[in-house]
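Walk through this structure from its open space to its packed interior, then on to its hairpins. Keep the coordinates open as you read.

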Amino acid sequence: MMKTILNTSTDPYFNLALEEYLVKNLNFNEDFFILWQNSPSVIIGRNQNVFEEIDIKLAIQKGIPFVRRISGGGTVFHDLGNLNFTFITKNKGLANNYKVMTEKIVAALNKIGIPIGLVGKSDLKIGHEKISGNAQFVYKDVLLHHGTLLFDSNLTTLKKLLRPKKDDVLSHSVKSNRSEVTNLSQFTHLSLEEIKEYLYVELMGNDYKKDALSLSSDVLDQVNDLKNEKYLSWEWNYAESPSSMIKKNKDDLHMAFTVEQGVIKSISITKKDLPLTEIETLLLEKKVIPGELKSLLINHLDVYDCLLE
């Protein structure tokens, strides 16, 4: 028997905070299955490096936030054309068993003619094209398993925001495995809302809404506190990135710098082979907060652009 929470929020900060709150605070007598969506956002794995995974400059230009989650795995793009699913269970023995944790989703989609299947450790694909990335988090005896279902996502934006593998950043981080992607909408006449309803009924039965758990105002306040204190913080989203050695080149600008806990600890900049000592001094020991760096480099925007290239 599973229960659900009918979460209508599309705020990525709130939704990730909600998952963490549920895993750490809910008294589980039943397993939970939740379907949810985020507004456009980039969600990075717990042990990943934002400087490696995301085109930070483009994300800022487009006003698309990037948020670190508590689970491992790679970076994914969310928008309202993507549907996320979450399983929460006390059966932590299923950790790393991605086949078991995805088989209900796979079986349900296969039943309506969508030829999706588990490929490798944690990807759901149709042919060689990826539909879903999955990740997990274990807290005490509780397992959180969540994944994406690209339905009608903006794949052009996805491909632009997620950086291809380059050798300009060196760090001991978990690397994303980039794959060709496609949308489920290419394989069904159903709408996203119809797929969502179908999955709920197929996995939980027709009465899933009647048994849905409602969150009290006190719980919602605690989730919002977690959102504000953790998920919106620079410390979580930037400073948790592993230490990095970064090299950037743009036109006649050449830059090499190290970042530790989100702070520039050493830096060398040359332009036309001449050192820019004053700018190096200006940037040393500064936090990598793009808005603040842009203000700091307002007279040297070419350096700022190179820094976030």
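In this predicted model, 40 residues line the largest pocket. Gly74, Thr75, Val76, Lys130 and Gly133 lie nearest its centre. The space inside the pocket comes to about 790 Å³. Which elements supply at least two residues each to this lining? They are strand S5 (76-78), strand S9 (129-139), strand S10 (142-150) and helix H5 (155-161). S9 gives the most, with six residues. The chemistry of the lining is mixed: 15 residues are nonpolar, 17 are polar and eight are charged.

Now turn to the enclosed space. Rolling a probe the size of a water molecule over the atoms shows where empty space is left. The structure holds two cavities of 30 Å³ or more. The largest cavity has a volume of about 110 Å³. It is lined by 14 residues, and Phe51, Ile56, Lys248, Leu307 and Leu308 are the closest to its centre. What classes of residue make up this lining? Ten are nonpolar and four are charged, with no polar residues.

The second largest cavity holds about 50 Å³ of space. Its lining consists of Asn7, Asn15, Leu18, Glu19, Leu22, Ile34, Trp36 and Thr86. Two elements, H1 and strand S2 (31-36), give two or more residues to this lining. The largest share comes from H1, with four residues. By class, the lining of the second largest cavity has four nonpolar residues, three polar and one charged.

Next comes the packing. In soluble globular proteins, nonpolar side chains tend to be buried together. Here the largest nonpolar core has 55 residues. Phe33, Ile105, Leu109, Leu149, Leu199 and Tyr231 have the most contacts inside this core. Helix H1 (residues 12-25) gives the most to the core, with eight residues. A second, separate core has 40 residues, including Phe77, Ile267, Val303 and Tyr304.

Leu199 is a useful place to inspect the largest core. Beyond its neighbours within four places in sequence, Leu199 is in contact with Phe33, Leu35, Leu83, Ile105, Ala108, Leu109 and Leu149.

Then look at Leu203, in helix H6 (residues 192-204). Why does Leu203 count as buried? Its relative accessibility is 16%, and buried means under 20%, so Leu203 falls in that class. Outside the same four-place window, Leu203 is in contact with Met2, Phe33, Phe87, Lys104, Ile105 and Ala108. Phe33 is 170 residues away from Leu203 in sequence. In space, the two are 8.5 Å apart, C-alpha to C-alpha.

Finish with the hairpins. Strand S13 (residues 253-260) and strand S14 (residues 263-271) pair in the antiparallel sense over eight bridges. Glu260 stands opposite Val263 in S14. Two residues lie between S13 and S14 in their hairpin. One turn residue, Gln261, has a positive phi of about 50 degrees.

S14 also pairs with strand S15 (residues 274-275), in the antiparallel sense and over two bridges. Which residue in S15 is the bridge partner of Lys271? The partner is Leu274. S14 and S15 form a hairpin too, with two residues between them. In this turn, Lys272 has a positive phi of about 55 degrees.

Technical notes: Residues numbered from 1 in each chain as written. Predicted model: local features only at pLDDT ≥ 70, side-chain atom pairs only at ≥ 80, totals over all residues. Heavy atoms only, no water. 1 Å grid on protein atoms, 1.4 Å probe; cavity = no way out; pocket = protein on both sides within 12 Å on 5 of 7 lines; lining within 4 Å. Points joined across faces, edges and corners; volume = space filled by probe spheres on them. Nonpolar A, V, L, I, M, F, W, Y, C, P; charged D, E, K, R; others polar. Core = buried A, V, L, I, M, F, W, Y, C linked by side-chain atoms within 4.5 Å. Buried < 20%, exposed > 50% of the residue type's maximum accessible area, 1.4 Å probe, protein only. Contact = heavy atoms within 4.5 Å. Pairing = 2+ DSSP bridges.
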